[in-house]
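Here are my notes on the model you sent, set out point by point. I begin with the sheet and then turn to the whole chain, its cores and one helix.

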Amino acid sequence: PEPFYDPLQFAVEQAHVRGIELHAWFNPYRAKHKDSKSSVTRDHISKRFPHVVKEYDGYLWMDPGEPIAVRQSLAVFLDVVKRYDVDGIHMDDYFYPYRGSEKREFPDEPSYQRYKRSGGRLARNDWRRNNVNQFMAKLYVETKKLKPHVKVGVAPFGIWRPNHPRGIVGLDQYDVLYADAKLWLNQGWLDYFSPQLYWPIEGKQSFTKLLDWWISENTSQRHIWPGMSVGRYIPGDGTLSMEVPNQLAAIRQRPGSTGFIFWPLQSVMLNTTLTDRLKDNEFAQPALIPTSPWLDDEPPAAPMVKLIGRGDGASVEMRPARPSGRSGSDVFLWAVQARIDNAWKLAVVPAHVNQIPTEGASVIAISAIDRTGNASKRVVVQIPGTRGVAPATTPTTTATIP
């Protein structure tokens with residue numbers, strides 16, 4: 001860009017200013033998209049190590065059976081984790097490629113024969129899956145060595161294998177993409193798991209049946225945040241489809257699922273009957289990202305809070321109690337609960353904001369939220385001289401400032 005700036009650095013900074021996590025998104029082995037308009041650079045892997053890159057269905061694809069390709073992909077992930085303050089790294093459903101229009105085997109004969117000559121005994125399909133499994137395990141371990149609070153997420157194809165659960169039909173990712181996503185979830189080689197459940201509740205790829213099956217496989221108790229298709233449920237005639245609200249209700253009814261991911265974002269950004277419905281109902285108030293206790297379960301200290309002024313013109317100042325020694329436990333957000341007209345309302349406030357108006361609240365309760373979602377004890381502030389009605393009870397009171 002001219003004048004030069006780093007787009008990812010800019011995106012991370014602007015997300016954090018707004019109290020939003022930013023997860024960097026990768027396809028681990030795709031080296032060049034078939035619709036790419038620009039040429040590759042001289043130091044691109046297809047130029048430096050052309051023998052590890054295969055042309056397949058119009059794409060350039062790194063061979064997951066080639067150690068050089070694996071090292072390259074892992075190095076890119078870890079370089080981003082080292083150099084940027086990302087909150088997570090995220091993978092799509094591309095490992096070995098979808099077969100596309102060619103209907104031919106991925107051309108990895110040289111790497112497979114080298115494996116067999118070295119004494120390997122796995123059949124080709126099992127060897128391919130093992131290549132991906134080893135990458136997933138190593139990526140998780142190496143990411144945590146660098147920054148334990150950085151989440152690792154994956155959004156695999158929504159069906160592991162046909163008939164899992166019974167009656168489900170569709171692509172067999174286990175034997176087509178060589179992605180054993182069930183194993184990754186079972187082993188806990190990730191922090192959140194977002195199977196692409198882009199189908200309706202009713203049908204041969206039932207959203208709820210697949211969600212329940214994936215929840216049952218979550219033996220390591222990671223986050224299950226199913227991917228939801230939004231664009232296909234926005235009718236062109238302006239009417240409201242209840243498919244998305246019904247899927248959100250189904251997620252919220254299941255204790256094993258703690259969130260969701262919408263796809264694609266641009267469909268959510270449109271002003272439609274669906275977005276109106278979500279803003280007025282399902283998303284009437286903000287929500288915090290759930291904590292990840294396997295990463296860090298130590299809450300930050302309660303914030304230092306000071307009331308400035310009186311009555312409806314008052315404001316509350318909040319600051320971290322002490323500097324943090326661990327990057328993951330830095331204060332990332334303030335959870336501000338305000339009692340206004342006998343109702344509690346939540347605001348999620350970025351950590352750089354250190355003063356908020358009371359705006360008619362009779363009571364304000366503030367918690368510090370760290371990078372892994374841990375919440376401090378609340379500090380409760382009674383606001384004297386306001387029009388708001390004081391509550392009979394307040395959220396867990398740890399301090400009262402007159």
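**Notes on the predicted model**

1. Since this is a predicted model, I start with a pairing that can be checked by eye: glycine 153 stands opposite tyrosine 192, which lies in strand 7. The two strands concerned, strand 6 (residues 151-154) and strand 7 (residues 192-193), pair in the parallel sense, and two bridges join them.

2. That pair belongs to an open sheet of five strands, whose order is 1-5-6-7-8 and whose pairing is parallel. At the edges of the sheet are strand 1 (23-26) and strand 8 (223-224), each of which pairs on one side only.

3. For the chain as a whole, the assignment gives 11 helices and 18 strands, and the C-alpha trace spans about 80 × 45 × 45 Å along its principal axes. Of the 402 residues, 49% are buried, and of the contacts with a separation of 6 or more, 69% are between residues 24 or more positions apart.

4. As to the surface, the accessible area of the protein chain is about 19,800 Å², with carbon and sulfur atoms contributing 53% of it. The chain carries 49 positive and 42 negative charges, and the mean positions of the two sets are 3 Å apart.

5. The largest nonpolar core holds 73 residues, among which Met91, Met136 and Trp184 touch the most other members. Helix 5 (residues 124-146) supplies the largest share of this core, namely seven residues. A second core, separate from the one just described, has 17 residues, including Leu307, Met318, Trp334 and Ile356.

6. Which residues does methionine 91 touch, not counting those up to four places away in sequence? They are Phe26, Pro28, Phe77, Phe135, Met136, Leu139, Val152, Gly153, Val154 and Ala155. Glycine 153, the residue opposite tyrosine 192, is thus one of the contacts of methionine 91.

7. Why can helix 9 (residues 243-252) be called largely enclosed by the rest of the structure? The description holds because seven of its 10 residues are buried, burial being taken here as under 20% relative accessible area. The buried residues of helix 9 are Glu243, Val244, Pro245, Gln247, Leu248, Ala250 and Ile251. Among the elements that cover them are helix 8 (207-216) and helix 11 (273-280), together with strand 9 (227-229) and strand 10 (261-263).

Key. Residues numbered from 1 in each chain as written. Predicted model: local features only at pLDDT ≥ 70, side-chain atom pairs only at ≥ 80, totals over all residues. Heavy atoms only, no water. Pairing = 2+ DSSP bridges. Helix = DSSP H or I, 4+ residues; strand = E, 2+ residues; numbered from the N terminus. Buried < 20%, exposed > 50% of the residue type's maximum accessible area, 1.4 Å probe, protein only. Contact = heavy atoms within 4.5 Å. Areas by Shrake-Rupley, 256 points an atom, 1.4 Å probe, with all protein chains shown as cover. Lys, Arg positive; Asp, Glu negative; His and termini not counted. Charge placed at Lys NZ, Arg CZ, Asp CG, Glu CD. Core = buried A, V, L, I, M, F, W, Y, C linked by side-chain atoms within 4.5 Å.
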